[in-house]
Amino acid sequence: MRRRYFLKTLGATTAGIAAFSCADRDEALRRGDDGGALADADLKWTKAPCRYCGTGCGVEVGVKDGRVMAVRGDVKSPVNRGLLCVKGYHLPGMLYGEDRLEHPMLRDGRRWRRISWDEALDLIAAKYQEALDQSGPESVAIYGSGQWTVFDGYAATKWFRGGLGSNNVEPNARLCMASAVTGFMTQFQSDEPMGCYEDFEAGDDFVLWGNNMAEMHPVLFSRILANKRDNPGVRIIDIATRRTPSTDYADMYVEFAPNSDLALANGILHLLLRDGKVTQAFVRENVIFKRGIEDLARIGYGCWGEDGLAADPSAGPAERYLFRDQGRDSSLAELERFLADYTPERVSEISGVPVQQIHALADIYGDPGRGTVSLWCMGVNQHTRGTWMNNLITDLHLITGKISRPGANPFSLTGQPSACGTVREVGTLAHRLPADMVVMNAEHRAKAEEIWGLPAGTIPERPGYHTMDMFRAFMRGDVKVMWTQTTNPWVSIPNLNRIQREPGDGRFLVVSDIYPTPTTEVADLVLPSAAWVEREGVFGNSERRTQHWEKAVDPPGEATEDAWQIIQVAKRMGMEHLFPWPDDDWHEPMYEEYRRFTLGLGKDVASYEQLKQTRGLLWPVVDGVETRYRYAAGYDPYVQKDRGVHFYKAKGYGEKAAFWLRPWHPPAESPDEEYPFWLCTGRVLEHWHTGSMTRRVKQLHQAVTEGYVELNRADAQRLSIGPGEMVRVVSRRGSLELPAKVDGRGKPPQGSVFIPFFDESRLANTLTLDAMDNISKEPDFKKCAVRIERV
Ligand code: SF4
């Protein structure tokens with residue numbers, strides 16, 4: 001094994017979550033787990049962010065003989081200060097799976113034929129041109145990722161919007177954080193959190209809303225645990241639908257019935273108002289009240305019709321953005337009337353949360369002497385009312401003035417390494433342009449056209465297909481050519497049976513990836529991509545930190561970076577003007593062009609030169625100085641020193657933040673006699689998303705080898721199911737056989753089951769429901785009804 005230095009680090013890293021807490025750091029150092037024992041090795045070290053999650057841990061990559069031989073946590077990184085989780089410690093293995101894709105491969109009937117890059121790129125250009133000529137710009141699409149580097153996303157959005165005249169650019173991040181985007185945009189008219197990771201040391205109470213941080217953001221969780229160890233008064237409150245490793249560290253566990261979190265948040269607000277806990281001066285100065293459409297029949301549950309188009313059955317295919325929220329002005333007095341229904345007793349009935357716990361939560365948020373940090377991720381975002389739930393969590397902070405100061409913030413976490421940097425900041429959602437701009441706004445389009453040197457009117461006004469509609473349009477044949485990069489939709493799209501295809505169906509699917517996946521299996525052309533440090537890159541993490549890395553090793557075979565692939569196709573289509581930089585020196589000029597979008601708007605990303613020298617910087621970066629707390633005097637250069645908090649981006653709200661009144665609605669599908677269990681899907685510590693990388697890493701694969709279904713012990717006994725026995729999980733959309741897990745790492749309550757989605761041989765999304773939030777268009781992977789059968 002050539003990875004001897006890397007393997008030296010393995011012993012302690014598969015031990016579990018607690019192994020990565022700060023409390024164990026000294027012990028880890030003694031063992032040399034952070035690379036200390038490798039210091040003498042003949043390795044060339046270079047910095048990079050971790051390839052996996054949105055935490056954005058800094059790693060140092062040790063290279064020898066053209067191979068990544070080791071990684072160690074970067075002690076200079078302000079994100080992780082030398083720590084990594086088990087996935088991070090095993091990063092090199094991700095590059096060296098035996099079945100890396102190395103050459104372009106074209107489907108030839110049932111077989112694959114190796115072709116040259118020139119043939120592949122010519123073919124893609126020809127297919128796109130043919131679709132454009134015959135069916136127009138609506139018939140082409142590109143589906144990328146929150147794992148796209150800034151370069152990949154920028155190249156895609158510029159090519160599509162500025163070259164092909166199509167807004168059919170979407171990322172898989174629609175599936176994971178679109179509701180956070182619409183949450184921030186509806187409240188601050190600017191995306192992304194105001195706080196930073198220093199909140200984890202500065203806060204007193206950490207409220208996890210449906211967020212298993214111990215497994216999904218373990219390094220950040222370890223920072224909270226370190227704070228708690230040093231300050232015994234620090235509390236962790238775990239609000240969840242099942243017990244997880246995060247629960248083990250919680251001071252209070254609040255279990256709510258699936259989908260009832262909106263009722264619970266309104267119940268807390270009810271008590272804050274009733275008990276006079278509103279911070280009146282802050283609210284008067286900084287908050288306006290808004291109320292949107294609440295009629296269930298109008299907002300619906302997104303793509304639930306058989307044609308999958310919209311909540312309104314009368315809507316045609318063109319009406320993809322049929323639902324538009326229409327906010328009207330509201331007031332504190334109206335809020336009081338609105339909340340009258342959300343008494344602790346009624347909320348307890350809806351949610352199953354004991355009345356005293358609702359009071360305890362109101363006491364936590366309402367205590368002006370303690371800093372409260374609310375944290376959330378998929379549990380809140382993947383929700384048919386995800387935008388509303390994002391709004392309600394932020395409302396709790398607005399009404400109590402606990403916002404934009406150290407240790408007191410609503411803080412949404414992201415799952416992918418550049419969901420913020422590439423998707424939200426570069427603007428790769430179907431309606432977006434860089435720096436929070438949107439294609440529907442004429443001034444925004446004009447600014448993009450000016451920076452891109454394009455004639456006025458080049459960028460189309462109409463948003464493209466959002467993810468759910470894009471795949472349906474592909475299945476209908478309305479989209480004729482689609483290119484996916486750095487993502488695995490034939491595992492990750494909900495209700496997978498709806499998008500099964502046979503190649504040769506008249507559409508053309510190009511897939512760029514680093515390994516074979518179920519998505520490459522249904523492709524017509526597969527392209528080999530360079531991964532992580534096999535190319536130069538920039539990611540943006542959950543706390544607004546932009547991080548750069550240099551290429552450290554060559555990719556295998558003929559693999560190339562995704563942005564290069566896009567640029568070459570664009571050039572073949574006569575769009576050289578979009579990418580006018582030399583083939584061997586385009587990263588920096590492309591980034592600096594992108595940076596022009598951000599300057600002077602409170603979104604200023606750091607210069608390329610500064611990124612190269614640092615462990616990333618938090619935007620806005622003005623005069624070379626990063627911003628730890630947005631909207632806060634003394635931190636944010638856009639706020640006057642004596643201004644306190646100033647939500648200066650919210651021009652349409654008089655530079656105040658919007659508090660939205662949002663009701664609780666019942667879920668799209670609930671358990672009944674035929675399907676009596678709730679199904680929740682999600683991730684596990686060892687595997688990242690669809691497992692296409694982590695399942696190639698021997699140690700991670702050995703730690704969790706296959707998908708399973710977690711059952712409550714009482715349910716298992718009632719159904720005579722023993723641990724490890726195969727069960728069949730059946731929903732209205734499909735069925736799946738898996739081994740049962742009882743009293744494992746996660747413990748669902750009676751009547752609920754949980755399935756991780758990393759195992760491509762047991763596709764959890766054959767069961768899930770493709771209902772979605774009709775504001776964010778993000779589907780709900782967390783709630784549908786199933787039954788359990790013994791096999
Ligand atoms: Fe850090 Fe996330 Fe990578 Fe783990 S997976 S090392 S938490 S960035």
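Me: Is the crossing of α12 and α17 left-handed or right-handed?
Reply: This is a predicted model in which local features need pLDDT of at least 70 and side-chain atom pairs count only at pLDDT 80 or more, while totals for chains, interfaces and linings use all residues. Residues are numbered from 1 along each chain as its sequence is written, and side-chain values use heavy atoms, with hydrogens and water left out. A crossing is left-handed if the near helix is turned anticlockwise from the far one by less than a right angle, and right-handed if clockwise. The crossing of α12 and α17 is right-handed.

Me: At roughly what angle do the axes of α12 and α17 cross?
Reply: Helices (H or I, at least four residues) and strands (E, at least two) are DSSP runs, numbered from the N terminus. Axes are lines fitted to C-alpha atoms, for helices over the stretch in contact, and angles run from 0 to 180 degrees between N-to-C directions. The axes of α12 (residues 261–274) and α17 (residues 355–366) come within 9 Å, and they cross at roughly 65°.

Me: How many charged residues does the contact of α12 with α17 have?
Reply: Contact means heavy atoms within 4.5 Å. L264, G267, I268, L271, L272 and R274 of α12 make this contact with I358, H359, L361, A362, Y365 and G366 of α17. Ala, Val, Leu, Ile, Met, Phe, Trp, Tyr, Cys and Pro count as nonpolar, Asp, Glu, Lys and Arg as charged, and the others, Gly among them, as polar. By these classes the contact has 8 nonpolar and 3 polar residues, and the number of charged ones is 1.

Me: Is α6 roughly parallel or roughly antiparallel to α25?
Reply: The axes of α6 (residues 150–164) and α25 (residues 562–572) come within 8 Å and cross at roughly 20°. Angles under 35 degrees count as roughly parallel, over 145 as roughly antiparallel, 65 to 115 as roughly perpendicular and the rest as oblique. Therefore the relation of α6 to α25 is roughly parallel.

Me: How many nonpolar residues does the contact of α6 with α25 have?
Reply: From α6, the residues F151, D152, A155, A156 and W159 meet D562, A563, I566, I567, V569 and A570 of α25. In this contact 2 residues are charged and no residue is polar, and the nonpolar ones number 9.

Me: Is α21 roughly parallel or roughly antiparallel to α26?
Reply: The packing angle of α21 and α26 (residues 587–598) is about 150°, and their axes are 10 Å apart. The relation of α21 to α26 is therefore roughly antiparallel.

Me: How many charged residues does the contact of α21 with α26 have?
Reply: K447, A448, E450, I451 and W452 of α21 meet E593, R596 and F597 of α26. The contact has 4 nonpolar and no polar residues, and its charged residues number 4.

Me: Which strands stand at the edges of the open sheet of 5 strands?
Reply: Two strands pair if DSSP finds at least two bridges between them. The open sheet has the order β10-β9-β8-β13-β14, with parallel pairing. Two of its strands have a single partner each, so one side of each is left without a neighbour in the sheet: β10 (252–255) and β14 (409–412).

Me: Which residue in β13 stands opposite W209?
Reply: β8 (residues 205–209) and β13 (residues 372–376) pair in the parallel sense over 5 bridges. Opposite W209 in β13 stands W376.

Me: In what order do the 6 strands of the barrel close?
Reply: The pairing in the barrel is mixed. One of its pairs is β24 (residues 726–730) with β27 (residues 784–790), antiparallel and joined by 4 bridges. In that pair the bridge partner of V729 is I788. The order of the barrel is β22-β26-β23-β25-β24-β27.

Me: How many residues of the shell around the ligand are charged?
Reply: A residue is near a molecule or strand if one of its heavy atoms lies within 4 Å of it. C50, Y52, C53, T55, G56, C57, L84, C85, K87, G88 and V219 surround the ligand. The shell has 7 nonpolar and 3 polar residues, and its charged residues number 1.

Me: How far apart in space are M475 and R501, C-alpha to C-alpha?
Reply: M475 is placed in α22 (residues 467–476). Leaving aside neighbours within four places in sequence, M475 contacts R498, I499, Q500, R501 and R507. M475 and R501 are 26 residues apart in sequence, and their separation in space is 7.5 Å.

Me: Which residue does a cis peptide bond join to W619?
Reply: The omega of this cis bond is about 0°. The partner of W619 sits in the loop between β20 (617–618) and β21 (657–661). That partner is P620.
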